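Biologist: I should be grateful for a close look at the aromatic pairs of this protein. Please describe how they are arranged and how they sit within the whole.

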Amino acid sequence: MNSTVKVPERSLGKPGAAIEPRDVKGQANLIARFIKMLKCDTARISRPLARGKMFLIIGWHRNTKSTAGQHWMKDGKPFHFNYVEEQCVASGLTVKDLVASAQHYKWLRGKTWIDLLTTRKGKSVLKRWRSA
């Protein structure tokens, strides 16, 4: 029995390409791209169903000592530990859809409701509300 993993010839950057479960090298490159794009500490791609939608889950390393509101006690003494705070931020059936969804999340992150309402299709939605 051979335990080596075969990496498919095609690249994940092609439009409409799907991630194969055994495409370890391609997944590593894609995850590194997401970590750099979204400025997070960890990223993983979850596909709960065999040919279903992929989900991008990103995370940040945290510690209970530095996080407000996280106070754990063990035997009457403060107990601190490291953990990863995760969020599901993007989804798609193909790699192209997943990257587009992640780019949309990056665009949305950091915007306020006022920014979103004033930049929608180049028109100010607030002007209509103010004139009513």
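**The aromatic pairs**

Modeller: In this predicted model, the count comes to two aromatic pairs. One of them joins Phe79 and Phe81, whose ring centres are 5.7 Å apart, with 40° between the planes. The pair is classed as tilted because that angle is neither under 30 degrees, as stacking would require, nor over 60, as an edge-to-face arrangement would. Phe79 and Phe81 also belong to one aromatic cluster, in which Tyr83 takes part as well.

Are the two phenylalanines buried, exposed or partly exposed? Phe79 has a relative accessible area of 36%, so this residue falls between the 20% limit for buried and the 50% limit for exposed and counts as partly exposed. Phe81, at 27% relative accessibility, is likewise partly exposed. Phe79 has a further partner in Lys74, whose charged end sits over the ring of Phe79, 5.2 Å from the ring centre.

As for the whole, the protein has 132 residues, of which 26% count as buried. Its accessible surface comes to about 10,000 Å², and carbon and sulfur atoms account for 56% of that area. The fold comprises four helices and five strands, and along the sequence these elements follow the pattern α-β-β-β-β-β-α-α-α. Among contacts between residues at least 6 apart in sequence, 40% join residues at least 24 apart.

To return to the part requested, the cluster is made up of Phe79, Phe81 and Tyr83, and the charged end of Lys74 lies over the ring of Phe79.

Note on methods
Residues are numbered from 1 along each chain as its sequence is written. This is a predicted model: local features need pLDDT of at least 70, side-chain atom pairs count only at pLDDT 80 or more; totals for chains, interfaces and linings use all residues. Side-chain values use heavy atoms; hydrogens and water are left out. Helices (H or I, at least four residues) and strands (E, at least two) are DSSP runs, numbered from the N terminus. Buried means under 20% relative accessible area, exposed over 50%, partly exposed in between (1.4 Å probe, protein chains only). Contact means heavy atoms within 4.5 Å. Accessible areas come from the Shrake-Rupley method with a 1.4 Å probe; for residues, only the protein chains shown count as cover. Rings of Phe, Tyr and Trp (its six-membered ring) pair if their centres lie within 6.5 Å; planes under 30 degrees apart count as stacked, over 60 as edge-to-face and the rest as tilted. A charge sits over a ring if NZ of Lys or CZ of Arg is within 6 Å of the ring centre and within 35 degrees of the ring normal.
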